[in-house]
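Reader: Hello! Could you take me through this model and tell me what each term in your description rests on?

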There are 2 protein chains.
Amino acid sequence: MEKLQIHIVISKELYTKNPDSSELGRKIICASIEMIDTLGFEAFTFKKLGARIGSNESSIYRYFDNKHMLLVYLINWYWSWIEYKLVFDTNSMQSADNKLKAAILLLTEKVDVDNSFSYINEVTLHRIIISESSKAYHTKAVDIENEKGFYKTYKRVVQRISDIVLEINPDFEFPHMLISTVIEGSHHQRYFSEHLPSLTDVTKGGNNIVRFYTDLVFKTIKKC
Amino acid sequence: MEKLQIHIVISKELYTKNPDSSELGRKIICASIEMIDTLGFEAFTFKKLGARIGSNESSIYRYFDNKHMLLVYLINWYWSWIEYKLVFDTNSMQSADNKLKAAILLLTEKVDVDNSFSYINEVTLHRIIISESSKAYHTKAVDIENEKGFYKTYKRVVQRISDIVLEINPDFEFPHMLISTVIEGSHHQRYFSEHLPSLTDVTKGGNNIVRFYTDLVFKTIKKC
DNA sequence: TACAATATGATAGTATTACTATTATATTTG
DNA sequence: CAAATATAATAGTAATACTATCATATTGTA
């Protein structure tokens with residue numbers, strides 16, 4: 001039986017030429033994920049990427065204006081993918097409590113299975129999100145880029161889960177703050193658990209991250 | 001009456017030549033804070049800094065190997081300053097609850113008074129911490145740098161406040177995760193409130209950040 | 001005061017980055 | 001098969017992130 005193939009569509013503002021539309025474009029995405037993960041975003045360049053995929057630097061510039069745009073593209077792909085999984089996972093659920101639990105699990109758990117969305121390695125991409133994604137919005141151009149819709153998939157995921165929080169407690173004042181705290185927080189905790197363990201309370205596997213944030217969220221939104 | 005002057009001492013691993021030991025060094029620190037704030041860390045260079053303070057690029061390299069080291073220095077100065085304020089503020093307090101409240105306030109409030117520690121503008125430095133500090137540890141060299149003590153003042157502050165949490169509830173499993181979540185979270189929320197407001201729940205002034213995290217912490221550590 | 005040590009400044013030079021522009025050569029499509 | 005489009009190759013520019021050298025101040029000490 002053929003595997004169900006879902007296709008994640010990225011909006012046009014986020015690329016110069018759609019990388020999903022050609023062999024070269026897909027190679028750019030696939031190899032850039034590998035390279036940003038191993039080299040780090042600062043040391044990653046289009047020249048090195050070109051050399052790696054046996055292509056020319058100038059050809060890559062036809063897909064993305066610069067490596068920042070490529071990172072923004074990857075981040076949007078990631079959040080679109082999370083949004084898809086969120087809707088899929090919570091679709092059939094009745095209770096808002098269960099929906100929120102599933103959402104927190106999705107946000108905070110380690111991605112360790114590559115679902116093989118064709119050419120994108122989600123495990124590696126998740127590591128990039130953890131280590132590099134804050135660099136995408138910690139830039140002087142953030143306001144202009146926000147207007148252009150560079151962060152909209154992230155914002156959409158936060159909105160969806162905030163709505164679930166309000167289903168549980170309509171009086172809770174800070175649903176967006178809570179959810180963005182969980183997202184950024186869990187990324188930091190995963191990074192710290194590998195590199196700065198004294199900023200966390202890790203046991204092997206780091207699975208207490210899910211438990212910590214689940215507990216924190218439900219205690220925080222509970223009416224007292 | 002003369003104002004009490006406290007001097008923040010930064011350990012030797014964090015500079016090549018101590019910027020606090022000369023006029024030029026102090027100008028480097030003072031002007032770099034201004035420039036990183038206005039230009040952003042990426043566009044900030046030693047050449048521009050030299051031009052600004054009427055000094056030569058090569059002279060600045062005698063104090064710091066590169067701009068990354070300068071950023072690490074500023075971050076350590078900030079956390080040493082916070083540690084000093086933390087100890088000072090909570091010293092006379094009896095109840096652990098009050099100590100924790102004071103600590104959360106210190107971590108999450110907006111710095112809006114420049115206490116004029118000589119040549120360092122703490123208001124501007126706080127903005128840099130919010131916008132740029134995660135770039136200091138999101139680097140491929142993080143493990144080596146951690147061994148060299150580049151992040152120790154940050155870790156020390158987290159440790160101190162975690163200890164207060166454990167005073168209140170000795171059974172709480174995740175004090176370090178909780179405190180580092182509050183620190184990173186409040187920085188993100190302040191940044192989002194200015195640039196990506198739909199990720200927060202801001203009212204004017206953004207003072208609900210303090211209230212949100214205070215509430216979150218006390219609810220999370222409470223025994224149920 | 002003189003001399004030495006140290007700090008700073010000026011200049012030059014290198015490899016790399018982050019592009020832009022142009023032209024040639026494939027490949028696809030009508 | 002011609003036309004359109006995509007990719008490759010090459011060259012070039014300005015800026016970055018340094019390193020090295022040498023000259024000139026400034027300061028500290030015998």
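Author: Gladly; below we go from the overall fold to one helix, then to the partner chain and the DNA. Please keep in mind that this is a predicted model.

Reader: What makes chain A as compact as a globular protein of its length?

Author: The globule rule gives 17 Å for 224 residues, and the radius of gyration of chain A is 18 Å, close to that value, so the chain counts as compact in this sense. Its C-alpha trace spans about 60 × 45 × 40 Å along the principal axes.

Reader: And which elements build chain A?

Author: Chain A has 11 helices and zero strands. Of its 224 residues, 39% are buried. Among contacts with a separation of 6 or more, 63% join residues 24 or more positions apart.

Reader: How do you know that helix α1 of chain A has the span expected of a helix?

Author: At 1.5 Å a residue, 24 Å is expected for the 17 residues of α1(A), residues 23-39, and the distance from its first C-alpha to its last is close to that, at 24 Å. Just after α1(A) comes Gly40(A), with a positive phi of about 85°.

Reader: Which residues of α1(A) are called buried, and why?

Author: They are Gly25(A), Ile28(A), Ile29(A), Ser32(A), Ile33(A) and Ile36(A). The word applies because each has 20 or more other C-beta atoms within 10 Å of its own. The cover over these residues includes α2, α3, α4 and α6 of chain A. As for the spacing, residues three or four places apart in an α-helix point the same way, because a turn takes 3.6 residues.

Reader: Why are the two copies said to be related as by a two-fold rotation axis?

Author: Chain B superposes on chain A after a rotation of 180° with 0.0 Å of shift along the axis, at an RMSD of 0.0 Å. The copies are thus related as by a two-fold rotation axis. Both use the same surface, as 100% of the contact residues of chain B recur in chain A.

Reader: How many residues does the contact take, and what gives the most on the side of chain B?

Author: Each of chain B and chain A puts in 38 residues. On the side of chain B, α10(B) gives the most, with 11 residues. That side has 12 nonpolar, 17 polar and nine charged residues.

Reader: Finally, what makes a residue count as near DNA strand D?

Author: Its C-beta atom must lie within 6 Å of the strand. There are 13 residues around strand D, and Leu24(A), Ser55(A), Ser59(A), Thr45(B) and Asn66(B) come nearest. By class, this surface has two nonpolar, eight polar and three charged residues.

Note on methods
Residues numbered from 1 in each chain as written. Chains lettered and ligands numbered in written order. Predicted model: local features only at pLDDT ≥ 70, side-chain atom pairs only at ≥ 80, totals over all residues. Nonpolar A, V, L, I, M, F, W, Y, C, P; charged D, E, K, R; others polar. Helix = DSSP H or I, 4+ residues; strand = E, 2+ residues; numbered from the N terminus. Expected span 1.5 Å × (residues − 1). Buried ≥ 20, exposed ≤ 12 C-beta atoms within 10 Å, placed from the backbone. Contact = placed C-beta atoms within 7 Å. Least-squares fit on C-alpha atoms with pLDDT ≥ 70 in both. Rg over C-alpha atoms; globule rule 2.2 N^0.38 Å.
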